[in-house]
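Thanks for coming. I will walk through one structure, so please have the sequence and the model open.

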Amino acid sequence: MDSQLVEARALEAEITALRRACVEPPAPGEDTSRVRKSFRETYQADSEGWELSKDLRSHLGHLESEIQFLSTLTGISIRHYSKKTEDLTSTEMTEKSIKKVLQRHRLSGNCHMITFQLEFQLLEIQNEESLSSVITDLSIIMEPTEYSELSEFVSRAEERRDLFMFFRSLHFFVEWCEYRKRTFKRFKEKYPEAVHLSEGASSSCMGIRNPSRPGFELVIVWRIQIDEEGKVLPKLDLLTKVPLQALELDKNGVIETAPLSFRTLLGVLGIEATLESLIKSLHTEASN
């Protein structure tokens with residue numbers, strides 16, 4: 001208690017001296033070195049604190065802008081993240097200058113309309129020469145979606161404990177889904193009588209009908225596949241729905257070879273131009 005009282009009185013004396021220095025010039029012969037030192041130390045401390053605060057705000061703003069840029073670029077947004085660290089270094093490892101740390105990470109986020117949760121463990125081993133890290137466990141939880149293709153892909157990413165493949169493939173998968181949706185929607189709006197989407201704008205199938213020929217329909221099945229290495233590829237097939245009478249009249253086998261011709265056309269014209277040509281060909285027949 002006495003030490004606190006002494007410290008309080010010393011601070012009071014310091015404040016009194018500072019106030020007097022502010023309002024009165026020092027008397028001749030008075031030692032002003034201590035006052036000047038107090039001013040200098042106080043100003044320096046405030047300045048350093050202010051500069052540190054400005055640097056932190058600037059760094060934080062830079063990080064936020066980078067995160068926003070990456071989110072816009074990839075479509076992936078992280079909403080929650082946490083990490084726990086456990087030191088697994090044994091006494092024997094310490095003697096050999098080896099450090100072993102296990103990190104447990106949890107995060108949740110979304111890639112456009114797809115929501116996910118991740119839990120993974122990262123084991124780091126560091127010695128005097130190198131630092132190595134490996135994911136020892138990975139668990140991925142996806143919110144229920146209409147995209148059945150994702151289920152097998154998620155299981156494969158978990159088995160391989162490949163976070164990079166998961167995020168990369170998910171990004172491109174969603175991009176292809178959005179492109180398919182925009183393409184089907186545009187053709188539906190442009191040719192409302194000829195184009196039919198059985199499952200709405202997010203449908204993976206597009207029907208093309210000829211109003212003047214009931215029972216005749218071309219069905220475009222557009223799947224988005226993820227291969228063993230995580231590469232995302234579109235796969236389009238053509239199915240035909242025609243009356244039995246039309247099949248009997250097709251002596252040249254045009255209907256039978258239509259799926260193969262469709263794939264050939266895709267390689268030459270691309271997706272949108274091929275779909276447009278099919279729709280226009282049926283429209284032309286309907287108007288004749």
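Is E86 buried, partly exposed or exposed? At 32% relative accessibility, E86 counts as partly exposed. A reminder before going further: this is a predicted model.

Let me stay with E86 for a moment. The residue belongs to strand β1, which covers residues 76–87. Leaving out neighbours within four places in sequence, E86 is in contact with K100, V101, L102 and R104. Take R104 from that list: E86 and R104 are 18 residues apart along the chain, and their C-alpha atoms are separated by 8.3 Å.

Now the chain as a whole. There are eight helices and eight strands in the protein chain. The chain has 288 residues, and 28% of them count as buried. Looking at contacts with a separation of 6 or more, 47% of them are between residues 24 or more positions apart.

One residue with contacts of that kind is worth a look. T183 sits in helix α5, residues 163–190. Is T183 buried or exposed? T183 has a relative accessible area of 2%, so the residue is buried; the cut-off for that is under 20%. Beyond residues up to four places away in sequence, T183 touches W222, E272 and L275. For E272, the C-alpha atom is 7.3 Å from that of T183, with the two positions 89 residues apart along the chain.

Next, the aromatic rings. How many aromatic pairs does the structure hold? The structure holds seven aromatic pairs. One of them is F153 with F166, a stacked pair with 6.1 Å from centre to centre and 5° between the planes. F153 is in helix α4, residues 149–160, and F166 is in helix α5; the two are 13 residues apart, and the pair links distant parts of the chain. Both rings belong to buried residues, F153 at 1% relative accessibility and F166 at 0%.

For contrast, turn to Y179 and W222. Why is this pair called edge-to-face? The planes of the two rings stand at 80° and the centres are 5.7 Å apart, so the pair is edge-to-face. This pair also links distant parts of the chain: Y179 is in helix α5 and W222 is in strand β7, residues 217–226, at 43 residues apart. The two partners differ in accessibility. Y179 counts as partly exposed at 22%, whereas W222 is buried, with a relative accessible area of 0%. W222 came up before, as one of the residues that T183 touches.

Which residues form one aromatic cluster? They are F116, F153, F166 and F167. F153 and F166 are the stacked pair from a minute ago.

There is also a charge placed over a ring. The charged end of R186 sits over the ring of F187, 4.6 Å from the centre of that ring.

On to empty space inside the model. Searching the whole structure for cavities of 30 Å³ or more finds one. What is the volume of the largest cavity? The largest cavity has a volume of about 40 Å³. Its lining is made up of M113, Y147, C177, E178, R180, K181, A201 and S202. By type, that lining divides into four nonpolar residues, one polar and three charged.

Last, two backbone angles. As background, most residues other than glycine have a negative phi. Which values do we see at H112 and R161? H112 is not a glycine, yet its phi is positive, at about 55°. H112 lies in the loop between β2 (99–111) and β3 (114–126). At 45% relative accessibility, H112 counts as partly exposed. R161, also a residue other than glycine, has a positive phi near 55°. R161 is found in the loop between α4 and α5, the helices that hold F153 and F166. With a relative accessible area of 38%, R161 is partly exposed.

To recap with three places to find on your screen. Start with T183 in helix α5 and its contacts W222, E272 and L275. Then find the stacked rings of F153 and F166. Finally, go to the largest cavity, where the lining includes M113 and Y147. That is all I have.

How values were computed
Residues numbered from 1 in each chain as written. Predicted model: local features only at pLDDT ≥ 70, side-chain atom pairs only at ≥ 80, totals over all residues. Heavy atoms only, no water. Helix = DSSP H or I, 4+ residues; strand = E, 2+ residues; numbered from the N terminus. Buried < 20%, exposed > 50% of the residue type's maximum accessible area, 1.4 Å probe, protein only. Contact = heavy atoms within 4.5 Å. 1 Å grid on protein atoms, 1.4 Å probe; cavity = no way out; pocket = protein on both sides within 12 Å on 5 of 7 lines; lining within 4 Å. Points joined across faces, edges and corners; volume = space filled by probe spheres on them. Nonpolar A, V, L, I, M, F, W, Y, C, P; charged D, E, K, R; others polar. Phe/Tyr/Trp six-rings, centres within 6.5 Å; stacked < 30°, edge-to-face > 60°. Lys NZ or Arg CZ within 6 Å of the ring centre and 35° of its normal.
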